[in-house]
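This report was prepared for a reader who wishes to go through the model element by element. Please look at the sequence and the structure before reading on.

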Amino acid sequence: MSLSGADGANLHVISGTDDSSLRPARSGDDGGRLVGASLALALLRTIREAAYVMDCDGRVTFINAAGLTRFGNLNHPQRVYGSFLWDLWLDAPAEDLRRAVGEAAEGEATLLEAVDCPGSGTCSVAVSPVE
């Protein structure tokens, strides 16, 4: 799995798989430790940066608390899941985000610099495939 962040600002990842791969998975001989997607989601839940997991079309399938706070939906995550990121992030360059999601779906990481981020001014956004 490959996750990338941009200057400590935001972490945005895209998943090339369906939602079933994001369910907790434990190996029979791992001693009960988190592995694979379970470990990655546990890490994403705890970081301070806004983190999103999207499907290959750009629909949000996971968002951490910092991301929910950024969009003002901390108490309403159901309003976020299934939405396109560019529809939630009104000040973002929608075409650039769509292009970056398309490139990530094909295996290419993209860095968008000087993007207007809700509540935090300008930031850089990395869109990367999850491998």
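The sections below go from the overall fold to a hairpin, then to charged pairs and to the surface.

## Overall fold

The model is predicted, and its protein chain has a secondary structure of 4 helices and 5 strands. Read along the sequence, these elements follow the pattern β-α-β-β-α-α-α-β-β. Of the 131 residues of the protein chain, 39% count as buried.

## The hairpin of β2 and β3

Strands β2 and β3 pair in the antiparallel sense over 3 bridges, and together they form a hairpin with 5 residues between them. Within this pairing, Met-54 has Val-60 of β3 as its bridge partner, while Tyr-52 stands opposite Ile-63 of β3. In the turn, Gly-58 has a positive phi of about 100°.

The side chains of a regular strand alternate between the two faces of the sheet. In β2, Ala-51 and Val-53 point one way, whereas Tyr-52 and Met-54 point the other way, and all are buried.

## Acidic residues in the hairpin loop

Asp-55 is found in the loop between β2, which spans 51-54, and β3, which spans 60-63. What is the nearest side chain of opposite charge to Asp-55, and how far away is it? It is Arg-59, 4.1 Å away, and Asp-55 is buried yet has no salt bridge. Because a salt bridge requires a side-chain nitrogen of Lys or Arg within 4 Å of a carboxyl oxygen of Asp or Glu, the 4.1 Å separation of Asp-55 and Arg-59 does not count as one. A polar atom of the Asp-55 side chain does, however, lie 2.9 Å from the backbone nitrogen of Asp-57.

Arg-59 has a salt bridge with Asp-57, in which the side chains meet at 3.2 Å, N to O. Asp-57 is partly exposed, with a relative accessible area of 48%, and Arg-59 likewise counts as partly exposed, at 31% relative accessibility.

## Salt bridges of helix α4

A search of the whole structure finds 4 salt bridges, and the pairs described here belong to helix α4. One of them joins Arg-98 to Glu-95, with the closest N and O atoms 2.7 Å apart. These two residues are 3 residues apart in helix α4, which covers residues 94-105, so that about one helical turn separates them. Arg-98 is partly exposed, with a relative accessible area of 35%, whereas Glu-95 counts as exposed, at 56% relative accessibility.

Glu-103 forms a salt bridge with Arg-99, and here the closest N and O atoms are 3.4 Å apart. Glu-103 and Arg-99 are 4 residues apart in helix α4, and they are therefore separated by about one helical turn. Both ends of this pair count as partly exposed, Glu-103 at 28% relative accessibility and Arg-99 at 39%. The pair is also part of a wider arrangement, since Asp-96, Arg-99 and Glu-103 are linked in a network of salt bridges.

## Trp-86 and Leu-97

Trp-86 lies in helix α3, which is made of residues 85-88. Is Trp-86 buried or exposed? Its relative accessible area is 10%, and Trp-86 is therefore buried, as the cut-off for a buried residue is under 20%. The C-alpha atom of Trp-86 is separated by 6.7 Å from that of Leu-97, although the two residues are 11 residues apart along the chain.

## A nonpolar patch on the surface

Which residues make the nonpolar surface patch of about 240 Å²? The patch is made by Leu-34, Leu-39 and Leu-43. Leu-34 lies in the loop between β1, at 10-15, and α1, at 36-46, and it is partly exposed, with a relative accessible area of 36%. That value satisfies the accessibility condition for membership of a patch, because patch residues have over 30% relative accessible area.

Definitions and conventions: Residues are numbered from 1 along each chain as its sequence is written. This is a predicted model: local features need pLDDT of at least 70, side-chain atom pairs count only at pLDDT 80 or more; totals for chains, interfaces and linings use all residues. Side-chain values use heavy atoms; hydrogens and water are left out. Patches are made of residues with over 30% relative accessible area and no salt bridge: like charges are joined within 9 Å, nonpolar side chains (Val, Leu, Ile, Met, Phe, Trp, Tyr) within 5 Å. Accessible areas come from the Shrake-Rupley method with a 1.4 Å probe; for residues, only the protein chains shown count as cover. Buried means under 20% relative accessible area, exposed over 50%, partly exposed in between (1.4 Å probe, protein chains only). Lys and Arg count as positive and Asp and Glu as negative; His and the chain ends are not counted. A polar contact is a pair of N or O atoms within 3.5 Å; within protein, one must be able to donate a hydrogen and the other to accept it, and residues adjacent in sequence count only if both atoms are side-chain atoms. Two strands pair if DSSP finds at least two bridges between them.
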